[in-house]
Amino acid sequence: MRENLDKQFSFTSLKWFNFFLYGTVVLFSSFFPLYLQEVGMNKLEIGSLMSVGALVSIIANPFWGIWTDRYQNIRRIVLLMLTGTLVLSQVVFQANTYEMIYVSILFFYFFQGPLFAESNTMILSYIDGTRHRFSSFRLWGSLGWAFTAILAGPVIEWAGVSVLSYLFAALLCAAMISLIALPRLDHSIGIAPLPFKGFRQIFYHPFFLSFIFFGILVSIPNTMNNTFVSLYITELGGSKTMIGLAVFLSSILEVAVLVLCDRYLKRSIPVLLGWLALVSALFVLRWWLMADATTPLQVAFIQILHCVTFGGFFYVGTRLTMLLVPKPYRSSGQALYTLTWSGISGIMGGVLGGWLYQYLGAQNMYQSGVFLSLIGTLGFAAMRLLASRGGYHPQDGHPEEDWNEIELNR
């Protein structure tokens, strides 16, 4: 009886951990650009600084993966990463020169960037062999993301953007307390700290590389929007509360979209490519609406499309990677797909978006997103046509037999 109570307590702690972890990330991604603008940075400088995280993650993810594999105590590794994130976040907020901000943000992202991947591995290890599904813990992450944003907006509006450092520290401490409350793991599901070993073999598959290329074109505007939507709302006269509402609307239905995709999407290359083309077309519509928005409330309601566009795109893309890449190289394929979405696109979207916003304005930035997404849409449609006519065949037998749970990396 006591063992069952301990297990139930650990699962509750895991849910709260995910809630607070996602809450800290949404605070930083949604409101930190406002802080940078307040300290005097222009749009190009903000975009360049925010894109540093994508660059650092290329090194940080395998580094922490290797140490997790060697140390065999993922809970302690995640706690170390949270501690480093907490300390360095305060260094970032206390930095009084641009040089200090840039240096401290490099180290900050080194600890913070891989947190999602490591925490997902930890959660999967805790629930391994139980009746619990990962999706229930992911739901708590989405709730933390949505409700932290909508509650933090009025607080920042009232107390000023400088209060962001205290809110960030409070949520990080709450996540650490939830983590400390967990029992020590006596097993691990294992990780693949060096998933890039099969990259050379993947480059012999042009169909998959075309899928990656068109994915980059679609994901660059998404990075632009994630980085600058809060500044766009304030430029249109919106408040911090309105920014919180926009983030809330963008994420509250995300888990429902994932559940529907998982339940009803047919596991077939032509079908999934068709859905990818459709989702990319919704991206085109989304950026066109954003370019024409004239009020902050319009921008907030347009963000509802994020649930379908981002959630659908990354879900379908991850599933397609499992089908398009030969089984021995799927770990490398997933790593390359994630790298292009959150890495290459993150760097290009931050810098390009910052330049466009700074010198041509937000409307032109979003119009460029329409153009890039349209090319991606046509590319996926052409790939779907080729696959449906028998012009492409999977490299191995039945990859759908060993599909795993997936996680959205913001």
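**Close-up 1. Exposed and buried residues of helix α11 in the predicted model.** Leu-260, Arg-263 and Tyr-264 are exposed on the other side of α11 from its buried residues. The buried residues of this helix, which comprises residues 254–264, are Glu-254, Val-255, Val-257, Leu-258 and Cys-261. Viewed down the axis of α11, these buried residues lie within an arc of 155°, so they line one face of the helix. Among the elements that cover them are α6 (134–159), α10 (240–251) and α14 (305–324).

**Close-up 2. Helix α4 and its buried face.** Helix α4 contains 15 residues, 98–112. At 1.5 Å a residue, α4 should therefore span 21 Å, and the 20 Å between its end C-alpha atoms agrees with this expectation. Buried in α4 are Ile-101, Ser-104, Ile-105, Phe-108, Tyr-109, Phe-111 and Gln-112. Because the buried residues fall within an arc of 145° when α4 is seen down its axis, they line one face of the helix.

**Close-up 3. The contact between helices α3 and α7.** The axes of α3 (residues 74–94) and α7 (residues 164–180) come within 10 Å and cross at roughly 170°. The two helices are therefore roughly antiparallel to each other, as an angle over 145 degrees counts as such. On the α3 side, the contact is made by Arg-75, Val-78, Leu-79, Leu-82, Thr-83, Thr-85, Leu-86, Ser-89, Gln-90 and Phe-93. On the α7 side, the contributing residues are Leu-164, Ser-165, Phe-168, Ala-169, Leu-172, Cys-173, Ala-175, Met-176, Leu-179 and Ile-180. By class, the contact of α3 with α7 has 14 nonpolar, five polar and one charged residues.

Methods
Residues are numbered from 1 along each chain as its sequence is written. This is a predicted model: local features need pLDDT of at least 70, side-chain atom pairs count only at pLDDT 80 or more; totals for chains, interfaces and linings use all residues. Side-chain values use heavy atoms; hydrogens and water are left out. Axes are lines fitted to C-alpha atoms, for helices over the stretch in contact, and angles run from 0 to 180 degrees between N-to-C directions. Helices (H or I, at least four residues) and strands (E, at least two) are DSSP runs, numbered from the N terminus. Angles under 35 degrees count as roughly parallel, over 145 as roughly antiparallel, 65 to 115 as roughly perpendicular and the rest as oblique. Contact means heavy atoms within 4.5 Å. Ala, Val, Leu, Ile, Met, Phe, Trp, Tyr, Cys and Pro count as nonpolar, Asp, Glu, Lys and Arg as charged, and the others, Gly among them, as polar. The expected span of a helix is 1.5 Å times one less than its number of residues. Buried means under 20% relative accessible area, exposed over 50%, partly exposed in between (1.4 Å probe, protein chains only). The arc is that of the directions from the helix axis to the C-beta atoms.
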